Amino acid sequence: MTEIRLSSLVLFRTQLFLELLISPAILSFRISSGLAALRKVYGNRPQYHPSRSPFLPGAIFGLLVLWQYYQIQTMKGRILAIDIFDRSGIRMYLYAMADDLQACEVCRSAHGMVFPPSEVMKRQFSPIKGICKTPARCIGFLVGLYGAWPEADRIVTRLRLSHKREPIRLSQDELGEMVLGPWERSISANTDRLGIYVLEAVLGDRSNPSIAMDKYLHTLEHAKQIRHMPLIVPTYFRLVELLTTQERTIEALRLIEQFEKRYTEGKSGPYAPTEKQFALMKIKKSHLKNTARTIAPAAAA
Ligand SMILES: [Zn+2]
């Protein structure tokens, strides 16, 4: 039953999108397919002639009314709103901080904040209010989601209803509830998969680091779309951190080399690491190299 509802929702949204783009073409297509349907019903009976059919004017009139209805909805902004969201595929941005006891208060207080896409698109946007005091320890993820499953959809609704479209804050329980919701059965499963993996990893990486690390690695491997780009740099930082904590020095060093290969220093871009981040990674690399040197003679002895 749910699947039938979901598939009709997909059909409905696709239809709206197409109608906005090519509504006149749709109208003529509908008339011709209406005619084709009538021809199918009447077949090649010799007595059939469209002008004699009582159904044809009614069918055309019905299609015109339907088209007009969509036009009115578009003018009211209802269809356009859905269309914008469908095109970007993101209805909310969620900020989640990696669970580090040494992370600063400024960043910690931004954990669980949900922002509308219009806010994130602003030039001066920052998920944190203030200046981070410990950049080496604060790793935050800005995850864009469509969120079609009930738990996420309720958050999107709350965000839309919030006063002046202000960001809203989710408690840790609400965050967990959303991530544990049936997202895989929703129409946005494919779109949101990587975002959810990152959130699952972030929320559980101190209690269950191995599972989290697999999810972070999966993210680095499969992040190909623009919406995933902001997740890559913090994923590298968190993964290096977890590997270091687990004394997996060589793996951490390899990951840093991969990071350096992926982002050549000096190349700037909206999702490239900042100079500060490059510098931080260099410090981490030199610490790890020192550790590797001390481990190697001990292992050889
Ligand atoms: Zn901070």
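These are my notebook entries on a predicted model of one protein chain.

**Entry 1: First look**

I began with the overall make-up. The protein chain has twelve helices and four strands. Of its 301 residues, 25% are buried. I also looked up how far apart in sequence the contacting residues are. Among contacts with a separation of 6 or more, 67% join residues 24 or more positions apart.

**Entry 2: How confident is the predictor?**

I checked this before going into detail. The average pLDDT of the protein chain is 80, and 69% of the residues score at least 70. Among the elements, strand β2 (residues 113-115) has the highest mean pLDDT, 97, and helix α3 (residues 78-88) the lowest, 44. Residues 1-12 have a pLDDT below 50, and the model gives this stretch three contacts beyond near neighbours in sequence. Residues 15-24 also stay under 50, with 13 contacts beyond four places in sequence. A reminder to myself: where pLDDT is low, the predicted coordinates should not be read in detail.

**Entry 3: The sheet**

In what order do the four strands of the open sheet lie? I found β3-β1-β2-β4, with antiparallel pairing. The edge strands are β3 and β4 (168-169), each of which pairs on one side only.

Then I followed strand β1 (residues 92-97) to its partners. With β3 it pairs in the antiparallel sense over six bridges, and one partnership I could pick out is Y95 with L142 of β3. With β2 it is joined by two bridges, again antiparallel. Here L94 has V114 of β2 as its bridge partner.

**Entry 4: Are β1 and β3 buried or exposed?**

I asked whether the residues of β1 are buried or exposed. Six of six are buried, so the strand is largely enclosed by the rest of the structure. I sorted them by side: M92, L94 and A96 lie on one, Y93, Y95 and M97 on the other, and all are buried.

Strand β3 (residues 140-145) is mostly covered as well, with six of its six residues buried. G140, L142 and G144 point one way, while F141, V143 and L145 point the other way. This fits something I had read: in a regular strand the side chains alternate between the two faces of the sheet.

**Entry 5: The largest nonpolar core**

Which residues of the largest nonpolar core touch the most other members? They are L94, A96, V143, V198, V240 and L255, out of 54 residues in this core. Helix α10 (residues 229-245) supplies the largest share, eight residues. A general point to keep beside this: in soluble globular proteins, nonpolar side chains tend to be buried together.

I looked at L255 more closely. Apart from neighbours within four places in sequence, L255 is in contact with Y236, L239, V240 and L243.

**Entry 6: Helix α10**

I tested the length of α10 first. Its 17 residues should span 24 Å at 1.5 Å a residue, and the end C-alpha atoms are 26 Å apart, which agrees. The buried residues of α10 include L231, P234, Y236, F237, R238 and V240. Just after the helix, E247 takes a positive phi of about 60°.

T235 sits in α10, and I wondered why T235 counts as buried. The reason is that 27 other C-beta atoms lie within 10 Å, and 20 or more are enough for a residue to be called buried. Leaving out neighbours within four places in sequence, T235 is in contact with V198, Y216, T219 and L220. I also noted L217: it is 18 residues from T235 along the chain, and their C-alpha atoms are 8.2 Å apart.

**Entry 7: Helix α9**

My last stop was helix α9 (residues 209-222). At 1.5 Å a residue, its 14 residues should span 20 Å, and the end C-alpha atoms are indeed 20 Å apart. Which residues of α9 are buried? I found A212, K215, Y216 and T219. Seen down the axis of α9, the buried residues fall within an arc of 100°, so they line one face of the helix. Turned away from that buried side are the exposed residues S210, D214, E221 and H222. Among what covers the buried residues of α9 are α8 (189-204) and α10. That brought me back to T235 of α10, whose contacts include Y216 and T219.

Note on methods:
Residues are numbered from 1 along each chain as its sequence is written. A residue is buried if 20 or more other C-beta atoms lie within 10 Å of its own, exposed if 12 or fewer, and partly exposed in between; C-beta atoms are placed from the backbone. Two strands pair if DSSP finds at least two bridges between them. A nonpolar core is a set of buried Ala, Val, Leu, Ile, Met, Phe, Trp, Tyr and Cys residues joined through C-beta atoms within 7 Å. Two residues are in contact if their C-beta atoms, placed from the backbone, lie within 7 Å. pLDDT is the predictor's confidence in each residue, from 0 to 100. The expected span of a helix is 1.5 Å times one less than its number of residues. The arc is that of the directions from the helix axis to the C-beta atoms.
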